[in-house]
Amino acid sequence: MCGIAGIIGRVDDDNRAALQRMNDAMLHRGPDAGGTWVSEPDERGWGVLLGHRRLAILDLSPAGVQPMTDPVTGHVIVFNGEIYNFADLRKRLAAEGQTFNSTGDTAVMLRALGLHGPEAVAWLRGMFAFACWDPKQRRLLLARDPLGIKPLYVARAASPDAGWSLAFASELRALLASGLLGKPQLDPQAVASGVWNGFVVGPGTAVKGVELLPPGHLTAFDGVGHTVRDEDFWTIPGHAPQQGMDEEQLAAILQDTLGLHLASDVPLAVFLSGGVDSSVMANLAQRAAKSPIHTFTLAFEEQELNEGPIARRIAGAIGTEHHEVVLTEQHFVDNLDAALDSLDQPTFDGLNAYYMSHAIRGAGFTVALSGTGGDELFGGYTSFRDLPVLQQWSRRTAWLPNRLKVAAAALASRMLSSSGGAVAPQTRWAKLPDMVRRSDDLLALYQMAYALFLPGFQRELLASDLVATLNDGLPAAMKAKITAETRARTPLSAISVMEQRLFLGERLLRDNDVASMAASLEQRVPLVDQVLFDSVDRLPEPTRYEPPRSKAMLRRIGLRGLDLSLFDRPKSGFVLPLDRWIRGGLQDAMDKTLRDPQAIAAVGLAPAAVERLWRAFLDGAPGIYWSRVWAIYVFVRWCHRHRVFR
């Protein structure tokens, strides 16, 4: 796990300095080593400049240092992530007569790319973002893992006279630190996405002109930055494959996947929240280990959200060496500026992973496994239950005019939602009429179900000229991608893809990456794996999803040897007690920001609507949850912290 950066441009002091600034900005991603490499310039003086920050996980020797040059092909790589099947790839290349000086995964993938070209990207199983330079063809290949675990941000020069054409980095903040972007501008689509989702959906970013390379995608550039190849090397098929997987086969694949994720030359731990997914990780890891593994739980003084006691019982049943870290309100507030500064893009999530990651790193661990991804694979969210029910109801009442169905939904909404405040309740029940209007379009329905605000109040929150960018909270490219990947799937299967691509890919994975790397901790997510995804996708739907939200199959294959009654309790997310803390130690800072008209207007929001929302929250208005005001506050703070304005 590392940080990478690079530039295609003039090989001169200006670009060397810009590259170094990017590398320096990612020190937290790789405190063990840092280096740069510069190609021979062409006749115009142009070439490629590569930078790398190293967090040493595999092959701790100097042979694992990057940028790495392959002695056989001459290719040069900077790589962030882990290739879990590198031992098999090493054997495959050894059969071709290849030998290696390094015992790590980087040398293996570099040789494969050098000998077999971009086609070798599809051989890789893991989490990765890399840039590989071919000195003979003078081509730079960029690629990102299939499910988007590792980020890769790409910027194109606005002017042909800029002295550079392409820049990339593991973090958006590194590109901002480069100085190449001049005076960065806020992308209007990002403002609308932040209001709708609470985070910025890719491939766009908060900064105009900077994009995320899509998951499962590779792109190649010539020596002056012209695109010469651009394609998906892995995608989710638009229809579920033929069924051909049973429970025991999947159990073996899950155990094998977990085993691959345990490869490490440094100490390794497991996040244990007390839920099913993290308990599966801890249980399988302990069954594969020869000595007790270390598990960590974040606990709170607020007992209604404290999973410490149940996690302690589960750890005892599994037999791990357990650590409980209590996060107090005072510690949270005292370290909040550093935590918020770790966010690479505006997002209302990620802080729980930040505090947990620092605790694990402080205890001497460099790698931690997380159970992220189980809900998306096995139907753990309420969306798997509620959205198909709403669609079925709408179809059964197809004989009714749509206006009558919407009116009935509006009546139910008024009966089930309290109102009367300065801001109407921003709840799922309050959104029911708008969900009924969208019930024929599952993606639009999904987006409305997850929207932070009702459509009317979204429009009030945005500057008037940005309202047209709402578009269901999705950029056109993302909407087209998900539509293609779900076009012939059943509702449950389609919702799983939406959860994979949006909630997991655009929020959880991205937030967890920057939060853990802020502590120089590598977080691995065994349940986010293309081989496992393809295998689960071949399960019969009743086996995979029934009973609704229970993740019964994952329990059966992942919690073997444990008393399943430990998990017979209502599902609860791993969340901080932010509602209470916002009304306490955080209130003054948030009040100063959310009542500042100039600060609000500078980031494309409407000051009067933001202040009204904040006042309604403080007054305890019904249906105004902490996530609504927190999302707005973090968005405004991020933009001002990085001086990214309209």
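Here is a short chat about a few features of this predicted model.

Visitor: Let's start with two helices. Why is α16 called oblique to α19?

Guide: Helix α16 (residues 442-450) and helix α19 (residues 491-517) pack at an angle of about 55°, and their axes are 11 Å apart. Roughly parallel needs an angle under 35 degrees, and roughly perpendicular runs from 65 to 115, so 55° falls into the oblique class. That is why α16 counts as oblique to α19. As for handedness, the crossing of α16 past α19 is right-handed.

Visitor: What makes the contact between them?

Guide: On the α16 side, the contact is made by L442, L443, Y446, Q447 and Y450. From α19 come P491, A494, I495, M498, E499, L502 and F503.

Visitor: How does that contact of α16 with α19 divide by class?

Guide: There are 10 nonpolar residues, one polar and one charged. Tyr counts as nonpolar, so Y446 and Y450 go in that group.

Visitor: On to empty space. What makes something a cavity here, and how many cavities of 30 Å³ or more are there?

Guide: A cavity is a set of points where a 1.4 Å probe fits but cannot get out. The search of the whole structure turns up eight cavities of 30 Å³ or more. The largest cavity holds about 150 Å³ of space. It has 20 lining residues, and R54, L58, Q66, D105 and T106 are the closest to its centre. β3 (46-54), β5 (76-83) and α3 (105-116) each give at least two residues to that lining. Its classes are nine nonpolar, seven polar and four charged.

Visitor: And the second largest pocket: what is its volume, and which residues are closest to its centre?

Guide: Its volume is about 300 Å³. Among its 11 lining residues, D386, L390, W429, L432 and M435 are the closest to the centre. Helix α13 gives the most to the lining, with five residues. By class, the lining of this pocket has eight nonpolar, no polar and three charged residues.

Visitor: Which peptide bond ending at P67 is cis, and what is its omega?

Guide: The bond from Q66 to P67 is cis, with omega near -5°. P67 sits in the loop between β3 and β4 (68-69). Another cis peptide bond joins G202 and P203, with omega about 10°. You'll find P203 in the loop between α5 (188-197) and β10 (210-212).

Visitor: What is phi of R138?

Guide: Phi of R138 is near 50°, a positive value in a residue other than glycine. R138 lies in the loop between β6 (126-134) and β7 (139-144).

Notes
Residues numbered from 1 in each chain as written. Predicted model: local features only at pLDDT ≥ 70, side-chain atom pairs only at ≥ 80, totals over all residues. Heavy atoms only, no water. Axes fitted to C-alpha atoms, helices over the stretch in contact; angles between N-to-C directions. Helix = DSSP H or I, 4+ residues; strand = E, 2+ residues; numbered from the N terminus. Parallel < 35°, antiparallel > 145°, perpendicular 65-115°, else oblique. Left-handed = near helix turned anticlockwise from the far one by under 90°. Contact = heavy atoms within 4.5 Å. 1 Å grid on protein atoms, 1.4 Å probe; cavity = no way out; pocket = protein on both sides within 12 Å on 5 of 7 lines; lining within 4 Å. Points joined across faces, edges and corners; volume = space filled by probe spheres on them.
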